[in-house]
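Me: Take one part of this model and walk me through it closely. I'd like to start with the aromatic rings and then follow the chain outwards from there.

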Amino acid sequence: MDLIEVSENQNRHPWELSRTHCILKELKKLKINGNVLDIGCGDSYFDRRLIAENPNLTVYGIDINLKEEIHEGNLHALNDLAHLPDMKFDFVLMMDVLEHIEDDGSYLKMISDKFVYGGGDIFLTVPAFQSLYSLHDEQLKHFRRYNHGQLKNVIMQCGLKEEKWSYFYFSLVFARLLTKNKTENLSQWQKEEGSFATRFVTWVLNTDFALCTALSKIGLHLPGLSLMAVCKVTQ
């Protein structure tokens, strides 16, 4: 959850539940191990799920909007990169981060040079397609949305090698077009996680993600609300 959007409503949005479920499955395919750095960790919901499924991982999360730092077993959530121990990481997550950075290329290169071992991987997600830029993007202080060509150009300029990529959440493109001029309640969900509505919408999004990523393997890329890429640090 983006900490900018925290409210008294503690229900997880199906989008967040689905993204967590689907990206955890993607990370399982990558067989990550060692130390993980999650930049933009929000309230650490994803990192707790990641450790629950991979108890041998040590995860350091960073979020500048985190009011109190967290140290729980293998989870360390900090509010400043300067608070990290002097070390490099085997794997870095940057989920919906680059769009918040005005000079995204310089920031990504700094992260790869300073915090990632040579041969390590960076997993990126970003919002897709500038044509879908909305008042909600403005509210979240996004500088831009990306198509694949734009994201790949940033990756290559940083000296990274793109390993795989895919759009996802094709089913949400039309919904975003209908809500481009709306900001209120877009990230708020009134149903509990165990409700039929939440489970059904989450299932739809999980199916959407699986379809988009499966088709991407044969070179068919459905447009989606979001874009992901895995890139390798080559030096």
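Reply: Rings of Phe, Tyr and Trp (its six-membered ring) pair if their centres lie within 6.5 Å, with planes under 30 degrees apart called stacked, over 60 edge-to-face and the rest tilted. By that rule there are 8 aromatic pairs here. One of them puts phenylalanine 129 against tyrosine 167, stacked at 4.8 Å centre to centre with 25° between the planes. Phenylalanine 129 sits in the loop between strand S6 (116–127) and helix H4 (135–139), while tyrosine 167 is in strand S7 (residues 160–168), so the pair ties together parts 38 residues apart in sequence. Helices (H or I, at least four residues) and strands (E, at least two) are DSSP runs numbered from the N terminus.

Before going on, a word on the ground rules. This is a predicted model, so local features need pLDDT of at least 70 and side-chain atom pairs count only at pLDDT 80 or more, while totals for chains, interfaces and linings use all residues. Residues are numbered from 1 along each chain as its sequence is written, and side-chain values use heavy atoms, with hydrogens and water left out.

Back to the rings. Phe129 and Tyr167 don't stand alone: together with Trp165 they form one aromatic cluster. Tyrosine 167 is buried at 8% relative accessibility, whereas phenylalanine 129 is partly exposed at 22% (buried is under 20% relative accessible area, exposed over 50%, partly exposed in between, using a 1.4 Å probe and protein chains only). Phenylalanine 129 has a backbone quirk as well: its phi is positive, about 70°, although it is not a glycine. Tyrosine 169 does something similar, with a phi near 70° in a residue other than glycine. Tyrosine 169 belongs to the loop between S7 and helix H6 (173–178), and it is buried, with a relative accessible area of 0%.

From the loop after S6, step back into the sheet. S5 (residues 89–95) and S6 run parallel and are joined by 6 bridges (strands pair if DSSP finds at least two bridges between them). Leucine 93 has phenylalanine 123 in S6 as its bridge partner. To get from S5 to S6 the chain passes through H3, in a right-handed β-α-β crossover; right-handed means that, with the strands pointing away from the viewer, the path from the first strand over the helix to the second runs clockwise. S5 also has S1 (residues 35–39) as a parallel partner, through 4 bridges, and there leucine 37 stands opposite valine 92 of S5. With 6 of its 7 residues buried, S5 is mostly covered.

What fills the space around these strands is nonpolar. The largest nonpolar core (buried Ala, Val, Leu, Ile, Met, Phe, Trp, Tyr and Cys residues joined through side-chain atoms within 4.5 Å) has 32 residues, and Met94, Leu108 and Ile122 touch the most other members. Two or more residues come from each of S1, strand S2 (58–62), S5, H3, S6, helix H5 (148–157), S7 and S8. If you zoom in on isoleucine 122 and ignore its neighbours within four places in sequence, its contacts include Val92, Met94, Leu108, Leu160 and Val230 (contact is heavy atoms within 4.5 Å). A second, separate core holds 30 residues, among them Phe123, Val173, Cys212 and Met228.

Now for the charged side chains. There are 11 salt bridges, each a side-chain nitrogen of Lys or Arg within 4 Å of a carboxyl oxygen of Asp or Glu. In H3 (residues 104–115), aspartate 113 and lysine 109 meet at 3.2 Å, N to O. These two are 4 residues apart in the helix, which means about one helical turn lies between them. Aspartate 113 is partly exposed, at 45%, and lysine 109 is partly exposed too, at 36%.

S6 has a salt bridge of its own: aspartate 121 with lysine 232, their closest N and O atoms 2.9 Å apart. Aspartate 121 is in S6 and lysine 232 in S8 (residues 226–233), so this pair ties together parts 111 residues apart in sequence. Aspartate 121 is buried at 15%, whereas lysine 232 is partly exposed at 23%. Elsewhere, salt bridges with shared partners join Arg12, Glu16 and Asp43 into one network. Within it, glutamate 16 and arginine 12 bring their closest N and O atoms to 2.9 Å, and both residues are buried.
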